[in-house]
Amino acid sequence: MEVLFPIQEYWWFYAGFLVFVLLILALDLGVFHLDAHAVTFKEASIWSAVWISLALTFNVLFYYYARWDFTAEGMPNADAEAYRVSLEFLSGYLIEKALSVDNIFVFVMIFSYFAIPPAYQHRILFFGIIGALVFRAIFIALGSVLMQYQWVVYVFGAFLIFTGAKMAFAKEKQLDPADNLLIRFMKKLIPTTHDLHGSSFFTRIGGVLHATPLFVTLVFTEFSDIIFAVDSVPAIFALTKEPLIVFTSNVFAILGLRSLFFMLAGMMDRFHLLKYGLALVLV
């Protein structure tokens with residue numbers, strides 16, 4: 001499978017994009033959310049608009065860069081190809097944005113189960129997103145390798161249809177992190193405490209390091225996102241064969257997930273038909 005943006009030639013694009021992402025994440029936590037507080041609907045709406053604006057601005061700049069790059073390489077129909085790849089980014093971003101709403105349902109249940117105060121939820125989601133970026137990068141790299149084989153396309157397609165059908169017809173189950181093997185293994189690996197210690201993930205009790213409920217929640221949130229990535233990454237590969245587009249569209253959708261969570265968390269009961277829409281998107 002030939003791609004227009006092979007990583008060995010465009011490694012500097014990936015590197016520059018990662019530096020940009022780390023910079024805005026540092027500003028987000030180190031400046032705008034330095035003090036732990038409950039995020040209001042107004043604040044979440046403003047930040048959601050900021051993240052969406054950044055994604056759309058990147059989309060426009062990506063179009064102009066692709067047109068310049070394709071023209072410099074003497075590619076026929078450079079403008080049309082640039083329009084196509086920029087449209088693929090926008091489509092991938094919208095698909096990932098839609099699928100991420102399902103993550104919010106799970107996050108709401110996780111925070112409710114572990115009784116995490118609203119003031120500390122942003123901190124958990126912030127570090128959860130950093131982990132999500134790492135795992136998405138790994139999944140996308142594996143997906144780009146597998147997509148070189150034509151039969152993998154049909155496997156991904158069949159998997160998405162199966163997942164969509166299962167989502168539409170499966171009965172909803174009550175979330176119980178206590179039954180999760182990862183959580184049980186983690187609690188055996190490191191002592192945990194049921195008491196919160198401010199915004200700390202770890203604390204020392206009697207000289208022994210203990211994980212707080214915030215860290216346990218973070219681990220379970222990260223595990224949940226990995227499960228969602230199994231659906232979302234193949235869904236975007238169904239739209240484009242370019243790993244660069246899959247990665248950047250995924251990242252922008254993930255960056256806006258926290259703001260979307262705080263906007264919609266209080267009205268989850270109004271989305272009782274959401275699973276059918278997401279199932280249709282996957283199929």
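Helix 4 (residues 118–146) packs against helix 7 (residues 213–237) at an angle of about 35°, and their axes lie 8 Å apart. The model described here is predicted. Its chain has 283 residues, of which 47% count as buried. The secondary structure consists of 10 helices and 2 strands.

**Overall layout**

- Read along the sequence, the elements follow the pattern α-α-α-α-α-α-β-β-α-α-α-α.
- Among contacts between residues at least 6 apart in sequence, 76% join residues at least 24 apart.
- The structure holds 4 salt bridges, and three of the pairs are described below, by way of arginine 67 and arginine 84.

**Helix 4 against helix 7**

- The crossing of helix 4 and helix 7 is right-handed.
- On the helix 4 side, the residues that meet helix 7 are Tyr120, Ile124, Phe127, Gly128, Gly131, Ala132, Phe135, Arg136, Phe139, Ile140, Gly143 and Ser144.
- On the helix 7 side, the residues in the contact are Leu214, Thr217, Leu218, Thr221, Glu222, Asp225, Ile226, Ala229, Val230, Ser232, Val233 and Phe237.
- Sorted by class, the contact of helix 4 with helix 7 has 14 nonpolar, 7 polar and 3 charged residues.

**Helix 2 and what follows it**

- Helix 2 covers residues 41–72, which is 32 residues.
- At 1.5 Å a residue, helix 2 should span 46 Å, and its end C-alpha atoms are 46 Å apart, so the two values agree.
- Just after helix 2, glycine 74 takes a positive phi of about 75°.

**A salt bridge between helix 2 and helix 3**

- The side chains of arginine 67 and aspartate 79 form a salt bridge, with an N to O distance of 3.5 Å.
- This pair links distant parts of the chain, with arginine 67 in helix 2 and aspartate 79 in helix 3 (residues 78–113), 12 residues apart.
- Arginine 67 is partly exposed, because its relative accessible area of 32% falls between the limits of 20% for buried and 50% for exposed.
- Aspartate 79 is also partly exposed, at 39% relative accessibility.

**A salt-bridge network within helix 3**

- Arginine 84 forms a salt bridge with glutamate 81, and their closest N and O atoms are 2.7 Å apart.
- Arginine 84 and glutamate 81 both lie in helix 3, 3 residues apart, which is about one turn of the helix.
- Arginine 84 also meets glutamate 88 in a salt bridge, at 2.7 Å from N to O.
- Glutamate 88 and arginine 84 both lie in helix 3 and are 4 residues apart, again about one turn of the helix.
- Salt bridges that share partners join Glu81, Arg84 and Glu88 into one network.
- An α-helix has 3.6 residues a turn, so residues three or four places apart point the same way.
- Side chains of opposite charge can pair when their charged atoms come close.
- Within the network, arginine 84 is partly exposed, with a relative accessible area of 29%.
- Glutamate 81 counts as partly exposed as well, at 22% relative accessibility.
- Glutamate 88 has a relative accessible area of 13%, which is under 20%, so this residue counts as buried.

**Leucine 90 and helix 2**

- Leucine 90 lies in helix 3 and counts as partly exposed, at 26% relative accessibility.
- Leaving aside neighbours within four places in sequence, leucine 90 is in contact with Leu56 and Asn59.
- Leucine 90 and leucine 56 are 34 residues apart along the chain, and their C-alpha atoms are separated by 7.8 Å.

**Serine 48 and helix 9**

- Serine 48 is found in helix 2 and is buried, with a relative accessible area of 6%.
- Beyond the neighbours within four places in sequence, serine 48 is in contact with Ser259 and Met263.
- Both Ser259 and Met263 are among the buried residues of helix 9.
- The other buried residues listed for helix 9 are Leu257, Arg258, Leu260, Phe261, Phe262 and Leu264.
- Helix 9 (residues 257–264) has 8 of its 8 residues buried, so it is largely enclosed by the rest of the structure.

Terms used: Residues are numbered from 1 along each chain as its sequence is written. This is a predicted model: local features need pLDDT of at least 70, side-chain atom pairs count only at pLDDT 80 or more; totals for chains, interfaces and linings use all residues. Side-chain values use heavy atoms; hydrogens and water are left out. The expected span of a helix is 1.5 Å times one less than its number of residues. Buried means under 20% relative accessible area, exposed over 50%, partly exposed in between (1.4 Å probe, protein chains only). Axes are lines fitted to C-alpha atoms, for helices over the stretch in contact, and angles run from 0 to 180 degrees between N-to-C directions. A crossing is left-handed if the near helix is turned anticlockwise from the far one by less than a right angle, and right-handed if clockwise. Contact means heavy atoms within 4.5 Å. Ala, Val, Leu, Ile, Met, Phe, Trp, Tyr, Cys and Pro count as nonpolar, Asp, Glu, Lys and Arg as charged, and the others, Gly among them, as polar.
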